[in-house]
Amino acid sequence: MAEVLVYVDHVDGAVRKPTLELLTLARRVGEPVALALGAGAAETASVLAEHGAVKVLTADAPEFADYLVVPKVDALQAAVEAVSPVAVLVPSSAEGKEIAARLAVRIGSGIVTDAVDLEAGEQGPVATQSAFAASFTTKSRVTRGVPVITVKPNSAPVEAAPAAGVVETLPVGFSAQATGTKVLSRTPRESTGRPELTEAAIVVSGGRGVNGAENFAIIEALADSLGAAVGASRAAVDAGWYPHSNQVGQTGKSVSPQLYIASGISGAIQHRAGMQTSKTIVAINKDAEAPIFDLVDYGVVGDLFQVVPQLTDEVNTRKG
Amino acid sequence: MSLRIVVCVKYVPDATGDRHFADDLTLDREDVDGLLSELDEYAVEQALQIADGADDAEITVLTVGPEDARDALRKALSMGADRAVHVEDDDLHGTDVIGTSLVLARAIEKAGYDLVISGMASTDGTMGVVPALLAERLGVPQVTLLSEVSVEGGVVRGRRDGDSASEQLEASLPAVVSVTDQSGEARYPSFKGIMAAKKKPVESWDLEDLEIEADEVGLAGAWSAVDSAAQRPARSAGTIVKDEGEGGRQLAEFLAGQKFI
């Protein structure tokens, strides 16, 4: 069976969920061969094998951490040459997309980014994407070279599918460009203990209606009761109430959770662009005319300062 | 020595308009107003600030697109860019991102550059890969997704805020930079700027000027294809309740019914 190369996103050996989702999609088009780079690469092998990787290629060198993006492109190119895959799948993170794009042009291949689903087709893998603030769904293919496809988080279930997961070290020669951009320092983002926004199954977001940084505590309390990530609209971020890293929308992050709860968010097109593919959408807003109510499965017209704490209490009670 | 900055901008359909696909599954531009992609305004702003801090700098703003795309160039010129290049050719219709990066890279080389700056992504395609593709094609460092950027003594430095970490980056010029909407509010064109923009040169180049064959770009030359586009079915009308004291509990009941609690 044909092999599919899967780029592994991991932090010191801990594989991030979108990579495991990629393995589910990869199995639809071939046998997954995973590529893990940098510190802890070899430690990813067992979890990758449990989820379907027949082989795990690893490479470690200081270049992967000390320089931006290009060393990883060099490694992925070496893996493509070693494996001759029918497709290359990469998580749609900001860095993942950059790596995938550079690889594509280098190996003479087309690219499809931000797929939300993937299936085998007669002429190769077919990717589903959403366009124009998720008002359209398109089906796309790469028509030249080895298809390079980046896939958004939450596009497939994580499934156990035990496979051999044979670990092999991949020799990587670095290109002249590899050391072009130095990483002078790296400060890990302080963990909030909450799930990563783009990967979370539930996202609770606050907007202009939250009316102050201190009031985000009630949004956070609801998120914590549900084990959710916290998001914010651009209005809330621009007002300085919540960090930009949590912004959902066209100029922030695009999320596609099972459940999205918008509190005090009117639902401008720019915000909708970032959350419209959420499976279930709930909104709480004082203004019955707010455009967000056009999208909801369930909406409450009311004061979020009343509704949200009551909901939080109820969730905690039901859990307890 | 003069610092030559090329800012890549895109003319995009207004997101608040009703965007749809034409019969050939490219963007239907007939009924939609366009504008300079908001995220590219930040790139123009950073170029202006870098130029202000340099002894001598020239900012060229570059776009690839149909005739109307000239509006995006005018906006950038009125903000303060010095000159503009518009790559326009009928054969470009339907060009994918790989082809677009080829055209931009050739145009950047022809214009001459020390620094290329763009927005983090366009607000229509939102792929966010053009800056990396340009760095690959030009063979220069990429210093992308910066929320802070500075250029001094032939070195560009910046801060990249990623999902899991914040990184300080450094590269020697020439380089390709992209900036986020956190890099600093873009200025509004002044009346003086708008008047001055009318006198600034806008060059028009076609594929021949860039020594690109028609079959390398356009729909036929694309390395990817859209096979179908379907409007998402309208969501069935949801349940909307007015809070009369029990809104939170009613919502909890709904969430429990959906197995979220």
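Colleague: Is A:Tyr242 buried or exposed?
Modeller: This is a predicted model, so the answer rests on computed accessibility. Buried means under 20% relative accessible area. A:Tyr242 has 12% relative accessibility, so the residue counts as buried.

Colleague: Nice! And how are the rings of A:Phe216 and A:Tyr242 arranged?
Modeller: Their centres lie 4.5 Å apart, with the planes at 25 degrees. Planes under 30 degrees apart count as stacked. The pair is therefore stacked.

Colleague: Which parts of chain A does that pair tie together?
Modeller: The two residues are 26 residues apart in sequence. A:Tyr242 sits in the loop between α7 (234-238) and β16 (259-263), and A:Phe216 belongs to a helix, so the pair ties that loop to α6 (residues 216-226).

Colleague: How many aromatic pairs are there over all chains, and what is the geometry of A:Phe64 with A:Phe174?
Modeller: Searching the whole structure gives four aromatic pairs. For A:Phe64 and A:Phe174, the centres are 5.5 Å apart and the planes make 70 degrees. An angle over 60 counts as edge-to-face, so this pair is edge-to-face.

Colleague: Over to chain B: what should helix α3 (residues 97-111) span, and what does the model show?
Modeller: The helix has 15 residues at 1.5 Å a residue, so the expected span is 21 Å. The end C-alpha atoms agree, being 21 Å apart.

Colleague: How many residues of α3(B) are buried?
Modeller: The helix is mostly covered. Among the buried residues are B:Val97, B:Leu104 and B:Ile108. The count is 11 of its 15 residues.

Note on methods
Residues are numbered from 1 along each chain as its sequence is written. Chains are lettered from A and ligands numbered from 1 in the order in which they are written. This is a predicted model: local features need pLDDT of at least 70, side-chain atom pairs count only at pLDDT 80 or more; totals for chains, interfaces and linings use all residues. Side-chain values use heavy atoms; hydrogens and water are left out. Helices (H or I, at least four residues) and strands (E, at least two) are DSSP runs, numbered from the N terminus. The expected span of a helix is 1.5 Å times one less than its number of residues. Buried means under 20% relative accessible area, exposed over 50%, partly exposed in between (1.4 Å probe, protein chains only). Rings of Phe, Tyr and Trp (its six-membered ring) pair if their centres lie within 6.5 Å; planes under 30 degrees apart count as stacked, over 60 as edge-to-face and the rest as tilted.
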